Amino acid sequence: MIWQLDLLILTLVVLCAVATVSVKDLLSSAIIFGTYSFLMCLLWTEMAAVDVAFTEAAVGAGVSTVLFFAAVFRTTRLLKFRPAGRRLAKVLGLAAALGLGGMLFVAEGDFPAWSDPNSPASTHLSPYYLTQTLHDTAVPNVVTSVLADYRGFDTMFETAVIFVAGLAVVALLRRREETGPPELYQVGAGYEDTIIRFIARKMAPFMQLFALYVVAHGHHSPGGGFQGGVILGASFILLAIAFDFRFVFSKMGERANILFGNLGVLIYAGIGFLCLLLGANFLDYSILEKILPATDAVMARSHAMLGVEIGVAIAVMAICISIYLHLASHGRMDKGL
Amino acid sequence: MIDILTVGLVSLGLFSFFSTTVGLLRLPDFYCRMHAAGKGDVFSSVCMLLGFAVYLLHHPTLEMVLTSLKILAISVFIFLASPTATHAIVDAGHASGVMPWLKEKKEEEAP
Amino acid sequence: MDLLVAKYNYWIYVLLMMIGLYTMISKNNLMKKVIGMGIFQTAIIVFYVSIGAKKGAGIPIIAHGHGHDLAAAAVDPSLYVNPLPHVLMLTAIVVGVGTLGVALALCLGIYQRYDSLEEDEILEQLQ
Amino acid sequence: MDGFFLTAGVILLVLMLLTLYRVFFGPTLIDRIMGGNVIGTKTTVLLILIGLLYGRVEMFVDIALAYALLNFIVTVAASRYFQHYKNLTAGGFGFQHRGEGK
């Protein structure tokens, strides 16, 4: 913790939140929300939460703001501004917000001071993880070992939730050409930009290489399946923006994309069931030493974690690409932003 | 020696970011502000990153040298990506019909 | 000053939560409500990560943990921040992208059907 | 040296606060995008600076690299929006070129 930076960043964050809410234009709102996410990333780095910061960096810069742009692109950016209307909702909202805020504010008096080393949250359970992770799994990055091993069951269902979200987007938006909504605007009227295309083409391989590094090196440095998957997805989103959908589909078809999403979740659950088959508990990786050559129980856990991270990365990548393509083309998968 | 170099580079970066900010706030129209932001942003970032990269060579172990190289890679990527972003924004502004600011026409155009 | 530093994070998380809740209830536009949801979500993440912070502690990656001499590794927990909130919030951020995608897809569907994102106009057409 | 880095970080954040003015009030929407882009680049620098303050830069440099690679996607996406909608928004809502020369 660095409290000087903490105070400043938190102040900027609140300013950004107020501006996001009060701006009368959805596109501006999305842009300010992107800036808000930059500041959030700084805040988490400053509180030493490097993995959270990495996730926020990949998500905020690569995916979520672009999703907002795609949605605004397909709907409208105009806000109807009625100063007189919705008085009841405003009063209700203010009352609810003040009530909740007041209660939380009162409860805050009992909290331990920020960054107190002896706070209850830091004295139970977490010392166990910190002291045992090297002994149990030989993974120095405690976040990765807790994520993929100690709390592997939790993470499996988080991956499943992401997968279900992707399915929901497909089910809501995907439609064949004839039944789609009428094309309201002239979209993508032959616009080509050589500079952007060149740079996108040169940057995308570096992004993908870096994403693979992040997935593979997540045991020793911040990173892992979620971050790597989001960066992989972002590289494809960049290609879809700079070129068109046909270019992306020539690299990876729509069907293949959905298959990848399935495959990722399947890899995760499959490793769990493999442990079950070998006679241990679900997701108890140490039993895998029987089938992995030249490993002991500790290294088996480490290697199985890598497998799980790869599954997560594949699933997250496929879902990120799929959500963007569906939103940007309103489910017609022909042309987008 | 390394410390002096770091302090110098980082201070130079801070100063040029300061001038970028002044340009962003004070210049009259979108294209002028873009000029301040595009150049000053890249220059100040690269200066500061170089300063950090030099500072890491205090203890030239393999790990530190690799990190230093990574920081250089970051500055290369900023050098590639930031002008592209600037180009994209200016192009968008031009396409959507933002007129450049002209000093002579100021009185005529004022409603 | 000590009081400010000790409580500022918690004040800000309450403030962000209030902003998010107010936006979700009182704004008329559906997309604005989605943004309010995002702010509410980040408020919760700020709270969790603030709980995990520890004075004088570094990032939760064991230093010199590379290699196989594990017996020598006696780790002092007070040198590393609490990793558990980080794990929970890391997955929450990525799941947040999924929910954001679903919410925006719903917005698109509603806009296609009612030609508006304003709550009161949609309600009018529904009646 | 830590004191110098801390001061540099605080100065950077204060300057970012000034840049945020363009993001919040920038007369045209493109000014906002530009301000966001500048803040994104400076975030990269601040991440490494925080890493130096923690004394373990090798762990923080990956995050900064991710930002350096991904930062311009948002900007390109936003500019593509205007390429497509130029007929709709030219001179339209929130897009007038007002406040010339203040």
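**Thr44(D) and the chain interfaces**

Thr44(D) touches Ile74(B), Ile78(B), Ala64(D), Tyr67(D) and Ala68(D), when residues up to four places away in sequence are left out. The list thus contains residues of chain B as well as of chain D. The model in which these contacts were found is a predicted one. Within chain D, Thr44(D) lies in helix α2, which spans residues 29-54. The relative accessible area of Thr44(D) is 1%, so this residue counts as buried, the cut-off for that class being under 20%.

The chain to which Thr44(D) belongs is described next. Chain D contains 4 helices and 0 strands, and its elements, read from the N terminus, follow the order α-α-α-α. Chain D has 102 residues, of which 72% are classed as buried. Its accessible surface amounts to about 2,700 Å², and carbon and sulfur atoms account for 62% of that surface. Among the contacts in chain D with a separation of 6 or more, 56% join residues that are 24 or more positions apart.

The contacts of Thr44(D) with Ile74(B) and Ile78(B) lead to the interface of chain B and chain D. Here 49 residues of chain B are in contact with 47 residues of chain D. The area buried between the two chains is about 4,400 Å², with 76% of it contributed by carbon and sulfur atoms. Phe17(B), Leu25(B) and Phe52(B) together provide 13% of the area that chain B buries against chain D, more than any other three residues.

Polar and charged groups also meet across the interface of chain B and chain D. The rule identifies 3 salt bridges there. A salt bridge joins the side chains of Lys70(B) and Asp62(D), with a distance of 3.0 Å from N to O. In addition, 8 residue pairs are in polar contact across this interface, counted with both residues at pLDDT 80 or more. On the side of chain B that touches chain D, two or more residues come from each of the elements α1 (2-26), α2 (30-55), α3 (62-95) and α4 (106-109) of chain B. The largest share, 18 residues, is given by α3(B). By residue class, this side of chain B is made up of 30 nonpolar, 10 polar and 9 charged residues.

A further interface is formed by chain C and chain A. In this case 85 residues of chain C are in contact with 107 residues of chain A. Between them, chain C and chain A bury about 8,700 Å², and 77% of this area lies on carbon and sulfur atoms. The residues of chain C that lose the most area to chain A are Ile61(C), Leu90(C) and Leu108(C), which together make up 7% of what that side buries.

Between chain C and chain A the count of salt bridges is 0, whereas 15 residue pairs are in polar contact, again with both residues at pLDDT 80 or more. The elements α1 (2-26), α2 (30-52), α3 (84-114) and α4 (119-126) of chain C each contribute at least two residues to the side that touches chain A. That side of chain C comprises 57 nonpolar, 18 polar and 10 charged residues.

Technical notes: Residues numbered from 1 in each chain as written. Chains lettered and ligands numbered in written order. Predicted model: local features only at pLDDT ≥ 70, side-chain atom pairs only at ≥ 80, totals over all residues. Heavy atoms only, no water. Buried < 20%, exposed > 50% of the residue type's maximum accessible area, 1.4 Å probe, protein only. Contact = heavy atoms within 4.5 Å. Areas by Shrake-Rupley, 256 points an atom, 1.4 Å probe, with all protein chains shown as cover. Buried area = accessible area lost by both parts, 1.4 Å probe. Salt bridge = Lys/Arg side-chain N within 4 Å of Asp/Glu carboxyl O. Polar contact = N/O pair within 3.5 Å; in protein donor to acceptor, adjacent residues only side chain to side chain. Nonpolar A, V, L, I, M, F, W, Y, C, P; charged D, E, K, R; others polar.
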